[in-house]
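Here is a set of exercises to work through with the model open beside you. Try each task before you read its solution.

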Amino acid sequence: MLKAVYTTLLSNYSDDSKHIESLWDAITKKHGAKNRYYHNLSHLEHLYHSLVEVKIHIRDWDILLFALFYHDYIYNVLKQDNEEQSAKKVIEILHSLNIEKNRITHCEEIILATKGHNISKNSDVNYFTDADLSILGSDWKNYTTYFSNVRKEYKYYPDFLYNKGRIKVLQHFIKMPRIFKTDYFYNQFESRAKDNLQQEINLLSK
């Protein structure tokens, strides 16, 4: 399904089918790496379905899709600049497709926003970061699978280090006035997300 979405998207800007295929292969290679338990193609698919729900509110759907496919293109748990490096990659791709500079900047802004998930004056950014966090408001079974897979990605860290850092991240979200910036995602996920986060903190604190 994702391949069809990506191919259709790229076909709006290029008629080079071999180039499009090679770009898709690169995405599948990156997201299919053996150390990716959560930030993989399943995450992209979940994000896509979440965004489809609010498509009517999106100003530039194509740019949002480019952000979707490239926001986790670079993902190394030992590095702190994954979002910046992923943004560089999407800038390179969009330049090669001759997309307007202001739209490229728009895509870069969306990807960089996934670093802190703070509220933005750009509604597309808010919808994207909300969709990216929607897993936090899932039912407990799916949430447990989510945080278990995140832990696997950070397997290089011993529990005492990982738990401390993870708790700090979870508390950051709980202390936000609201995790979800848009009314759609707030009404659907906010309450359950904060319950899930607190339950995970309780487990990590034992």
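A polar contact is a pair of N or O atoms within 3.5 Å; within protein, one must be able to donate a hydrogen and the other to accept it, and residues adjacent in sequence count only if both atoms are side-chain atoms. Helices (H or I, at least four residues) and strands (E, at least two) are DSSP runs, numbered from the N terminus.

Two notes on the source: this is a predicted model, where local features need pLDDT of at least 70, side-chain atom pairs count only at pLDDT 80 or more, and totals for chains, interfaces and linings use all residues. Residues are numbered from 1 along each chain as its sequence is written, and side-chain values use heavy atoms, with hydrogens and water left out.

**Exercise 1. Find the residue that caps the N-terminal end of H8, then check the helix's length and packing.**

Step 1. Start at the cap. Asp139 does the job, with a side-chain oxygen 3.2 Å from the backbone nitrogen of Lys141.

Step 2. Now the length. The expected span of a helix is 1.5 Å times one less than its number of residues. H8 covers residues 140–153, and its 14 residues should span 20 Å; the end C-alpha atoms are 20 Å apart, so the two values agree.

Step 3. Sort out what is buried (under 20% relative accessible area; exposed is over 50%, partly exposed in between, with a 1.4 Å probe and protein chains only). In H8 the buried residues are Tyr143, Tyr146, Phe147, Asn149, Val150, Arg151 and Glu153.

Step 4. Look for their partners, taking contact as heavy atoms within 4.5 Å. The buried residues of H8 pack against H10 and helix H9 (159–174).

**Exercise 2. Do the same for H6: which residues are buried, and what do they pack against?**

Step 1. Helix H6 runs over residues 101–113, and its 13 residues should span 18 Å; with the end C-alpha atoms 18 Å apart, that agrees.

Step 2. Its buried residues are Arg103, Ile104, His106, Cys107, Ile110, Ile111 and Ala113.

Step 3. They pack against H4, H5 and helix H7 (123–133).

**Exercise 3. Work out which parts of the chain the salt bridge between Arg103 and Asp60 ties together.**

Step 1. Fix the cut-off: a salt bridge is a side-chain nitrogen of Lys or Arg within 4 Å of a carboxyl oxygen of Asp or Glu. The structure holds 10 of them.

Step 2. Arg103 and Asp60 meet at 2.8 Å, N to O. Arg103 sits in helix H6 and Asp60 in the loop between helix H3 (41–52) and H4, so this pair ties together parts 43 residues apart in sequence.

Step 3. Check burial. Arg103 is buried at a relative accessible area of 16%, and Asp60 is buried too, at 15%.

Step 4. Compare another pair. The side chains of Glu84 and Lys115 meet at 3.5 Å, N to O. Glu84 belongs to helix H5 and Lys115 to the loop between H6 and H7, so the parts tied together here are 31 residues apart in sequence. Glu84 is partly exposed at 30%, and Lys115 is partly exposed at 42%.

Step 5. Finish with a pair inside one helix. Lys194 and Glu190 form a salt bridge of 3.7 Å, N to O. Both lie in helix H10 (residues 183–204), four residues apart, or about one turn of the helix.

**Exercise 4. Asp72 is buried: which side chain of opposite charge is nearest, and what does Asp72 touch?**

Step 1. Place Asp72 in the loop between helix H4 (61–70) and helix H5 (82–96).

Step 2. For charge, Lys and Arg count as positive and Asp and Glu as negative; His and the chain ends are not counted. The nearest opposite charge is Arg36, 5.6 Å away, and Asp72 has no salt bridge.

Step 3. Look for polar partners instead. The side chains of Asp72 and His43 share a polar contact of 3.5 Å.

Step 4. List the contacts beyond four places in sequence: His31, Arg36, His39, His43 and Ser86.

**Exercise 5. Which residues touch the most other members of the largest nonpolar core?**

Step 1. Such a core is a set of buried Ala, Val, Leu, Ile, Met, Phe, Trp, Tyr and Cys residues joined through side-chain atoms within 4.5 Å.

Step 2. The largest one has 61 residues, and Leu51, Phe66, Leu68, Phe69, Tyr70, Leu94 and Leu136 touch the most other members. H4 gives the largest share, nine residues.

Step 3. Zoom in on Phe66. Beyond four places in sequence, its contacts include Leu9, Leu10, Tyr13, Val90 and Leu94.
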